[in-house]
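This report looks at one chain, its overall build and the surroundings of its ligand. Start with the sequence and the model below.

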Amino acid sequence: MIDLRNKKIGIENGMWDNYGLDCFRNCPQYYEWRIVKGVIKPGAKRTSADFGSGIHLALEHFYKNKMSPASIPEAVEKFVQFFQPKVDPADEKRTLVKGVELLEKYFNRYKSEPFDVTATEIGGVVELGDYLYTFRIDLLVEWQSPKGLFGVDHKTTSSINRVVAKPNNQITGYIYGLSEMYGEEVLGYILNSIGVYKEDEEIDKNAPKVISPKTGKLVYAKKEREIFIRSITSRTKKELMDWKQETLHLISQIKRCHEEDVWPKHTNFCSAFSSKCQYLDLCQSQDKDILQTMIDIGIYEQSWWQPYVGEGEDEEEGK
Ligand code: SF4
């Protein structure tokens, strides 16, 4: 049995996970800083990741206890205990009250599920050509009819309508891993998306416009926002083989970057999300040795990416 807890991913150990591969897909230079050099910028705001981790902890407790009514208040308490010390007063979207309300709505909606829980938080490592591929999934369930296994990923997001279950390298990798472990029993994957929003309502562009009481003009009506979407997805054998081929191709590109010590900068990614890339200071410098100086003065710190420890749950993975 391989002890994965302190294993690093990358060429050196011949082991990969989706996070590391995504770093390279997004920006090879990002991959070098994050995976090869193992540095992060400390002090970056983590409210989004912490909120997601708190929700995950609550759902893990609920499913681990076979969705029993008694586990619901305990799950909410788990969220409160975890997130209370991490609340950012400036963040109006991810408050303690919002989190509790979100969980209450979730448990109300999903108190009776069409599946039995097989296990929570499963880690796995499978062969991928000459390499190993490691993954960790939130939940494994047995669907009642038709009988079979589904992996489940809880995803907190502030863009619920933009979540795509297929194509999705992470999900295909999960299904590949589960299929290697459980064979034909695996039917697919469920992306359990949970929307995190400041407002409970959204504009309804499909409904007839209404007269605004404030301006007297015609405006879009509002409707209650959809905050829970379950996307059920599967992969054919051909799709799994294509993913394997593409992933091995990507690894060969990483190998070439190592050999030539060339790490292309995908500059479209520098400001792809709500905040700028944490490595901007490093990429703006022409001095190759700047990293050590920045570590010495505390702007960056060494923190190797470990697949089984992770950095919390965040819709903006890779940043
Ligand atoms: S600053 Fe831009 S080029 Fe540099 S690692 Fe980040 S995304 Fe890549």
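Buried residues make up 29% of the 319 residues in the chain. The model is a predicted one. Nine helices and twelve strands form the secondary structure. The radius of gyration is 21 Å, close to the 20 Å from the globule rule for 319 residues, so the chain is as compact as a globular protein of that length. Of the contacts with a separation of 6 or more, 71% join residues 24 or more positions apart.

| Property of the chain | Value |
|---|---|
| C-alpha trace along the principal axes | about 65 × 50 × 40 Å |
| Radius of gyration | 21 Å |
| Globule rule for 319 residues | 20 Å |

Now the ligand. Its shell holds 13 residues, and the closest are Cys 27, Lys 265, Cys 270, Cys 277 and Cys 283. Two elements, H2 and H8, each give two or more residues to this shell. Which gives the most? H2 does, with three residues. By class, the shell has nine nonpolar residues, three polar and one charged.

H2 deserves a closer look. This helix covers residues 28-36, and eight of its nine residues are buried. Those eight are Gln 29, Tyr 30, Tyr 31, Glu 32, Trp 33, Arg 34, Ile 35 and Val 36. What do they pack against? Their partners are helix H1 (18-26), strand S2 (39-40) and helix H8 (280-284). H8 thus appears twice: it packs against buried residues of H2, and it also contributes to the ligand shell. Just after H2, Gly 38 adopts a positive phi of about 65°.

Methods: Residues are numbered from 1 along each chain as its sequence is written. This is a predicted model: local features need pLDDT of at least 70, side-chain atom pairs count only at pLDDT 80 or more; totals for chains, interfaces and linings use all residues. A residue is buried if 20 or more other C-beta atoms lie within 10 Å of its own, exposed if 12 or fewer, and partly exposed in between; C-beta atoms are placed from the backbone. Helices (H or I, at least four residues) and strands (E, at least two) are DSSP runs, numbered from the N terminus. Two residues are in contact if their C-beta atoms, placed from the backbone, lie within 7 Å. The radius of gyration is taken over C-alpha atoms; the globule rule is 2.2 Å times the number of residues to the power 0.38. A residue is near a molecule or strand if its C-beta atom, placed from the backbone, lies within 6 Å of it. Ala, Val, Leu, Ile, Met, Phe, Trp, Tyr, Cys and Pro count as nonpolar, Asp, Glu, Lys and Arg as charged, and the others, Gly among them, as polar.
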